[in-house]
Amino acid sequence: MTAPLLSLRGISKRYGEVRANQAVDLDVAPRSIHAILGENGAGKSTLMKLIYGVETPDSGEMLWEGAPLTLASPAAARRQGIGMVFQHFSLFETLTVIENIRLVVPGRTAALIARVRELGAEFGLEVDPFAHIHELSVGERQRVEIIRCLMTDPKLLILDEPTSVLPPQSVAKLFDTLQRLRDGGVSVLFISHKLEEIRAICDRATILRAGKVTGHVDPREHDAHDLARMMIGRDMPEPPPMVPSQPGETMLELIGLTYTPDDPFGMPLKDLALSLKAGEILGIAGISGNGQAELSELISGEIRLPFDDREQVQMMGEPVGHLGPAERRKLGFSFVPEDRLGRGAVQGMSLARNSLLTAHPLGLVRHGLIPMAQANDFTRRCIADHDVRTSGVEAEAGGLSGGNLQKFIVGREMMLAPKLFFLAQPTWGVDIGAATTIRQKLVALRNQGVAILVISEEIDELFDICDRIQVVSQGRLSPSLETRKTRPEDIGRYMIGAGAPA
Amino acid sequence: MSAARIWPKLMKRERPSLSIKILAPLVALVVATLINLLLYLVMGKDPVAVFHAMILEPFISFPSFSEVLLKTGPLLLIAEGLAIGYRAKVFNIGAEGQFIIGAIFASALPVWYPMATGQWIWPTMLLAGAIGGALWAGITAFWRVRLRANEILVSLMLSLVAAQVLNYLLLGPWKDPNGFNFPQSVMFQYDAMVPLIIPGTRVNASLLIAVALALMAYVFMQKSFMGYKLEVGGLAPRAAGYAGFSEGRAIWLSLLIGGFAAGLAGAAEVAGPIGQLQRSISTGYGYAAIIVAYLGGLHPIGIVFSSVVMAAIYIGGDNALVSADLPIAAVRVFLGSLLLSYLMAMTFVRYRLVFARQAIGGAT
């Protein structure tokens, strides 16, 4: 093996009681695509922050092209030739592509534009330099981020969960870009928890579990099963069993739902129709930004319709379009939003106080006061029944890993005993173990006769658990497709707005 | 390899400890005091005399201390009310106006019925004042909820309107006919005065009411579901929307509570130490209470302490004006530097300093 581009020796980092990284060793070879594989909370993000200079390690050393490396800031990392594309993009929506690039890259505008076009052609990153960011799809925005990194000629490019925001068609294009980059002499650190992707594209993989390295492997020599075992420390959980069910009464119906958001960057919804019966799981597929956010707020009641349009949303046979979230919950509705922190849970509050958010009608409030004993009790049950790993009811919601917080929120909403259960992106950024647990619980609820609506970008997930799938694209909803009779490619066609196959 | 960092870096604390939260306002107070003493020294005043008049006397001389208690009442009342709103991120800056309207509502009774007698009069006045303050704050709530008009601007501008309403009444219909054309109302009758609780001083029962309301504020903010809803709205508005806690209701409640408390304070002022309605009923209590609320960490118990401190600064400043020959602006400069010191101290509550040298090293 050639001398590594980047070497980490015994890198450790702790945050208070949490040991995010413990004695991590890592070698990234030049001209390689190197995967960092691990569940959420395994320490992947911390490790990348150390390499990108956002944080400094407590102990251990980093070598860059054989010389010791100390990074005080991301700017220092960029000077060394390390670039990073974060999961959440940092682009100004109201500016154009070239204006965004000019903010961080020095040089004359004309030269920058030429370079953007050149990089685009070389690496398959075509994007119009004069387009405004808000007009671009997520895939195109990601290309802008990658181009912006490439402008500084990095030797190492870090990509944090780059495929989690992309439709299947764009993933192939991204992989093509990454391979061209590698062939052009750039090493790529590719963070993911999706096993098949890593097997498809990476030359090396370093697997992290609970902050420690559990393996350095060539992913092409192992099947997904092996990788998963190294990642989660046990065998892959069983996919949830689906039993045929007799759909019952209609629990949720959208009749010609039409809505125009105030936000100019929002997606207007046009004439959506949907019907969900008890004992069914209906999935809404689609690339994010096609109206999912608006749809979920209209179903949850966070956006209310005018009284005259209340018939457009029906729950348990009643028109509810004009009702707020609390009133809809009284009818037997419960909801897990796509944003966990700041919406599904309050960051700075304890889990016990977060239980109150939606579970307060379950006797957690007496005479207008909060007897904490009841809230603690409820929270303890939720933690125990849903395998939430945390120090206890006093733990702050913001301190939990994504997966554990999601298990808490899903658990809390399930304890409301809903008749209609709605989840938006239930396994977004959630590790395999937790995601499988959540899916199993959903299927169990369906078998008990609960009506479940799931909005998800992960087509595999929808195929695993849904009876029917509808696709949202450009604010419109496709007809209902029976999962058993549908192929992922058909869903993909609806996702890019191509409509039904001829 | 990288350039050595000379300046320490601010790192966010994962969770500020209780002790540093309590320490921060104290440090701010000490720093502000030192800065001001230094300033007095530069101005050629005798810092020992100033220190004695300003810092010691309010606490060691009983007459001075009783005046501190007298000033504590309105500051405590207003700040407790404001803090509830501030926790919900509803920024009522117009307590001054609500205070004035409270004083006007309370004065209506003795002005219109100067001959009335009975122990019911002063409680009725306090209640009327509180309702007046709440109504005035309600105007802000209405525009904020209906038109999304910024509550900071509306409440602040309404304070100027309230001052003009006061002027109009004192120069016109409510002017004391026997008052030699001074812009003030008649002196109130005995029953329109809040009873004194410490003989020989001007401290009256409104201080007890303020302390009782502080305890109620504690229960409301720490134990009640309504207070919880307000807190969620302040910490995470989208979580409040998700839970179905009405934003409009939170705005109304925050402003009404703030207005109620400020109006009550205004009423207690005219029915207490002043005894009539006049132009100078407030010496900026409504604005000082904003500082009090933040110095107390927006915590009902913390505010009890910060309001005593603030009252002592007022009285100490008055003392120093007389005995150490300080200019009248000295108190304002002190308040300003106190607020700035506090804001800086709060930075260190949220962040800690990290020096470059200690961050890396000890490689194994």
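**Two interfaces: within chain A and between chains**

Tutor: Domain 1 of chain A places 16 residues in contact with 15 residues of domain 2 of chain A. The model is a predicted one.

Student: Where do domain 1 and domain 2 of chain A lie in the sequence?

Tutor: Domain 1 of chain A covers 6–232, and domain 2 is made up of 250–332 + 418–495. Their C-alpha centres are 33 Å apart.

Student: How should the size of an interface be read?

Tutor: It is often expressed as the accessible area lost when the parts come together. Between domain 1 and domain 2 of chain A, about 1100 Å² is buried, with carbon and sulfur atoms giving 62% of this area.

Student: Which helices of domain 1 of chain A each supply at least two residues of the side that touches domain 2?

Tutor: They are helix H6 (168–183) and helix H8 (224–232) of chain A. By class, that side of domain 1 has seven nonpolar, six polar and three charged residues.

Student: How many salt bridges are counted between the two domains of chain A?

Tutor: The count is zero, and residue pairs in polar contact, both at pLDDT 80 or more, also number zero.

Student: What area do chain B and chain A bury between them?

Tutor: About 2900 Å², of which 56% is on carbon and sulfur atoms. The contact involves 31 residues from chain B and 42 from chain A. Three salt bridges are found across this interface; one of them joins Arg238(B) to Glu297(A), with the closest N and O atoms 4.0 Å apart.

Student: Which element of chain B gives the largest share of the side that touches chain A?

Tutor: H8(B) does, with six residues. That side of chain B divides into 16 nonpolar, eight polar and seven charged residues.

Key: Residues are numbered from 1 along each chain as its sequence is written. Chains are lettered from A and ligands numbered from 1 in the order in which they are written. This is a predicted model: local features need pLDDT of at least 70, side-chain atom pairs count only at pLDDT 80 or more; totals for chains, interfaces and linings use all residues. Side-chain values use heavy atoms; hydrogens and water are left out. Domain bounds come from an automatic or database domain assignment. Contact means heavy atoms within 4.5 Å. Buried area is the accessible area (1.4 Å probe) that two parts lose on being put together, summed over both. A salt bridge is a side-chain nitrogen of Lys or Arg within 4 Å of a carboxyl oxygen of Asp or Glu. A polar contact is a pair of N or O atoms within 3.5 Å; within protein, one must be able to donate a hydrogen and the other to accept it, and residues adjacent in sequence count only if both atoms are side-chain atoms. Helices (H or I, at least four residues) and strands (E, at least two) are DSSP runs, numbered from the N terminus. Ala, Val, Leu, Ile, Met, Phe, Trp, Tyr, Cys and Pro count as nonpolar, Asp, Glu, Lys and Arg as charged, and the others, Gly among them, as polar.
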